[in-house]
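Thanks for coming. I have one structure to go through today, and I will keep it brief. Please have a look at it first.

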Amino acid sequence: MKLAYWMYAGPAHIGTLRVASSFKNVHAVMHAPLGDDYFNVMRSMLERERDFTPVTASVVDRHVLARGSQEKVINNITRKDEEQRPDLIVPTPTCTSSILQEDLQNFVDRASISSTSDVILADVNHYRVNELQAADRTLEQIVCHYLIEARKQGTLSRFVTDAPSANTTGIFTLGFHHQHDCRELKRLLQSLGILVNQIIPEGGSLGDLKDLPRAWFNTVPYREAGLMTAILSEKEFGMPYVSTTPMGILDIADFIKQIEEYVNAWAPVLLGTTVDFESYVGNQTKFVSQAAWFSKSIDCQNLGGKNAVVFGDATHAASITKILVKEMGIRVSRSGTYCKHDSQWFHEQVQGLCDEVLITEDHTEVGNAIARIEPSAIFGTQMERHIGKRIDIPCGVISSPVHIQNFPLGYRPFLGYEGTNQIADSVYNSFNLGMEDHLLDVSGGHDTKEVTTKSLSNGKDLDWTPESQLESSRIPGFVRGKIKRNTEIFAKQNNISKITIDVMYAAKERLGS
C-alpha cells in the first residue's frame with residue numbers, strides 16, 4: 001500500500017459506484033467511514049443532474065468497530081429495498097471492509113433472503129485493482145448476471161434486429177466528456193443507418209439487458225470500461241466488437257471501416273445487399289470536419305516546429321498522440337499513461353510516434369519529466385495542467401482526472417467528426433503562437449517579466465539578486481523561462497545559493513543557454 005495525496009485513478013469502490021449509479025434504478029451500498037461518502041456530492045456537482053440514484057454509505061463508526069458490521073450492513077440493504085424498491089442493490093467492498101476482514105458475501109446472502117430486489121456483491125479486489133479496472137469488472141459482472149438469469153427464464157433474445165444495430169458499452173457517469181461523446185457517437189451511427197440497440201451502463205435498464213444479443217455488433221469507445229463486457233458478448237454469442245476509438249480523422253475512418261465489415265457479414269442475408277461507407281467518410285472529412293483542412297493551413301503548419309508531452313488514460317493519451325503526430329505534424333517528446341494494467345496495448349499504439357513512452361502512476365515523475373523536456377505544450381490531466389502553471393507551460397486537458405470546468409455546459413465531444421473540430425481548437429489554442437510572448441513584452445500585456453524562482457522539486461528555492469532579476473527581465477519572454485531554468489541547474493550543480501549577473505553569464509558559457 002502506498003500513501004499518496006494525488007491519484008490519477010481512484011480506489012476500486014469508486015469505479016463500482018460509477019457503474020451502479022449509471023444504470024436506472026440500481027442502488028449501491030458501500031461500507032466505509034463517514035469521510036468516504038462524497039460520491040453523491042461529486043456526481044451532482046460535476047454532472048449537474050437532478051435525477052440519479054444516490055449511493056448509500058453504511059458508515060463504519062466506533063460502534064461497528066466494537067460490535068461488528070453484520071447487522072448494520074444487512075439493515076441498510078433491507079431498508080433501501082423497502083424504501084426505494086430498486087431492481088438491484090450492489091454492496092461494494094472498500095479498504096475499510098477489507099481491513100476489518102468482513103465477510104460481505106455472507107451479509108449479501110442473508111440480506112437476499114428478505115429482499116425483493118436482487119443483491120449482488122461487487123466482485124473486485126480493493127487492493128489489486130483501481131477505479132477503472134473495477135468499473136470494467138463490475139459492468140461485466142452485472143451484464144453476465146442478467147444474461148444468465150434471462151437464459152434460465154427463457155427470455156434471452158438471440159435473434160438479431162432486422163436493420164443493422166449496435167450496442168455501446170462503457171459510457172458512464174463522471175467520464176471525461178462522456179455525455180457529449182455519447183450524443184456524437186449516436187449521431188455517427190444513425191447517419192450510417194445503424195440503430196442504437198442499447199447504451200450501457202449510462203441510462204441503461206436492467207430489464208433490457210436480455211436484448212443485448214440482438215445487436216449486430218458492439219462498440220467500445222473507451223478501453224478503460226466496457227471491454228470486458230464486449231469480450232463476454234463475443235465469447236457467449238459470437239458478437240464482434242469495435243474497440244477502435246473514433247477520435248481523430250484517421251481512427252474515425254478505421255472505426256467506420258470495421259463497422260462496414262461487420263454489417264456486411266449479415267447484410268447480404270437480411271438486407272439483400274451490402275453497404276459501402278467510403279463516400280460517407282469522404283464527405284464528412286471534407287465538409288463536416290474542419291480538422292483535415294486545418295491541418296493543411298499555414299496556422300497548423302506553424303506548429304510543425306513545436307513539441308509536446310501527452311499524458312492521460314490509455315485511450316485518450318494514445319488517440320491524442322496519433323492526432324498530434326499523424327494529422328497535425330507536431331512532435332511528441334513523451335507520451336504516457338497511468339493505466340499500468342494496459343501498458344502493452346499503449347506501447348503498441350504509440351510505438352514510433354514519440355521519443356519516449358512513460359508508464360507511471362506517480363505524478364511527480366511526470367512533472368519532473370516535463371520540466372526536463374520543456375515542451376511547447378502539454379496535453380494531459382488536471383495534474384499536468386497544475387504542473388504547467390508552475391513552470392509556465394500551457395496545457396490542454398484531454399483526460400480524467402478533471403475539474404468541474406471539464407464538464408462544460410456547451411457541446412464539446414471528443415469523438416466523431418465534431419470531436420475532431422473540438423480537438424483541433426484545443427490543440428491550437430494550447431500553444432503560445434508565433435511571437436505572442438514577444439509582443440506581450442513589447443505592448444506590456446498580461447505577461448510578466450518577473451523571474452519565477454519556484455521549481456517542481458521540494459528543495460530550497462534559489463535566491464535571485466535584484467540585479468539578476470532586472471537582467472533577466474530584458475530577455476525576450478519566449479526564451480526567458482528556458483534561460484532561467486538552465487541558470488538554476490548550473491547554480492545547483494556548483495552549490496551556488498545566490499544567483500548574480502556573474503552566475504548568469506557563467507551559466508550561459510557553460511550550458512550554452
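I will start with the whole chain, then go through two helices, a loop and a few backbone details.

What you see is a predicted model. The chain holds 22 helices and 15 strands. Of its 513 residues, 54% count as buried. The exposed surface comes to about 24,000 Å², and carbon and sulfur atoms supply 50% of that. Now take contacts between residues at least 6 apart in sequence: 71% of them join residues at least 24 apart.

The next stop is helix H18, residues 416-430. This helix has 15 residues and spans 21 Å from first C-alpha to last, close to the 21 Å expected at 1.5 Å a residue. How many of its 15 residues are buried? Eleven are, so to speak of H18 as mostly covered is fair. Among them are Gly416, Tyr417, Gly419 and Thr420 near the beginning of the list, and Val427, Tyr428 and Ser430 at its end.

Tyr417 brings us to the aromatic rings. The chain has nine aromatic pairs. In one of them, the ring centres of tyrosine 280 and tyrosine 417 are 6.4 Å apart with the planes at 70 degrees; an angle over 60 counts as edge-to-face, so that is what this pair is. Tyrosine 280 belongs to helix H11, residues 278-288, and tyrosine 417 to H18, so the pair links parts of the chain 137 residues apart. Are these two tyrosines buried or exposed? The cut-off for buried is under 20% relative accessible area. Tyrosine 280 has 16% and therefore counts as buried. Tyrosine 417 has 2%, so the label is buried there too. Elsewhere, ring pairs join Tyr8, Phe311 and Tyr338 into a cluster.

Now helix H16, residues 363-373. Its buried residues include His363, Val366, Gly367, Ala369 and Ile370. These cover an arc of only 160 degrees around the axis, so they sit on the same side of H16. What do the buried residues of H16 pack against? The answer is four named strands and a helix: S9 (307-312), S10 (331-337), S11 (354-359), S12 (377-380) and helix H17 (382-390).

Just after H16 comes glutamate 374, with a positive phi of about 55 degrees. Glutamate 374 lies in the loop between H16 and S12. Most residues other than glycine have a negative phi. Asparagine 25 is another non-glycine residue with a positive value, near 60 degrees. Asparagine 25 is in the loop between helix H1 (12-22) and strand S1 (26-32). With a relative accessible area of 31%, asparagine 25 is partly exposed.

There are also cis peptide bonds to point out. One joins isoleucine 200 and proline 201, with omega about 0 degrees. Proline 201 is in strand S6, residues 195-201. Another runs from serine 400 to proline 401, with omega near 5 degrees. Proline 401 is in the loop between strand S13 (395-397) and H18.

The last item is serine 115, in the loop between helix H6 (104-114) and strand S4 (118-119). Serine 115 has a relative accessible area of 11%, so it is buried. What does its side chain reach? The side chain of serine 115 makes a polar contact with the side chain of aspartate 81 at 3.3 Å. The serine 115 side chain also reaches the backbone nitrogen of serine 117, at 3.1 Å.

Conventions. Residues are numbered from 1 along each chain as its sequence is written. This is a predicted model: local features need pLDDT of at least 70, side-chain atom pairs count only at pLDDT 80 or more; totals for chains, interfaces and linings use all residues. Side-chain values use heavy atoms; hydrogens and water are left out. Helices (H or I, at least four residues) and strands (E, at least two) are DSSP runs, numbered from the N terminus. The expected span of a helix is 1.5 Å times one less than its number of residues. Buried means under 20% relative accessible area, exposed over 50%, partly exposed in between (1.4 Å probe, protein chains only). Contact means heavy atoms within 4.5 Å. Accessible areas come from the Shrake-Rupley method with a 1.4 Å probe; for residues, only the protein chains shown count as cover. Rings of Phe, Tyr and Trp (its six-membered ring) pair if their centres lie within 6.5 Å; planes under 30 degrees apart count as stacked, over 60 as edge-to-face and the rest as tilted. The arc is that of the directions from the helix axis to the C-beta atoms. A polar contact is a pair of N or O atoms within 3.5 Å; within protein, one must be able to donate a hydrogen and the other to accept it, and residues adjacent in sequence count only if both atoms are side-chain atoms.
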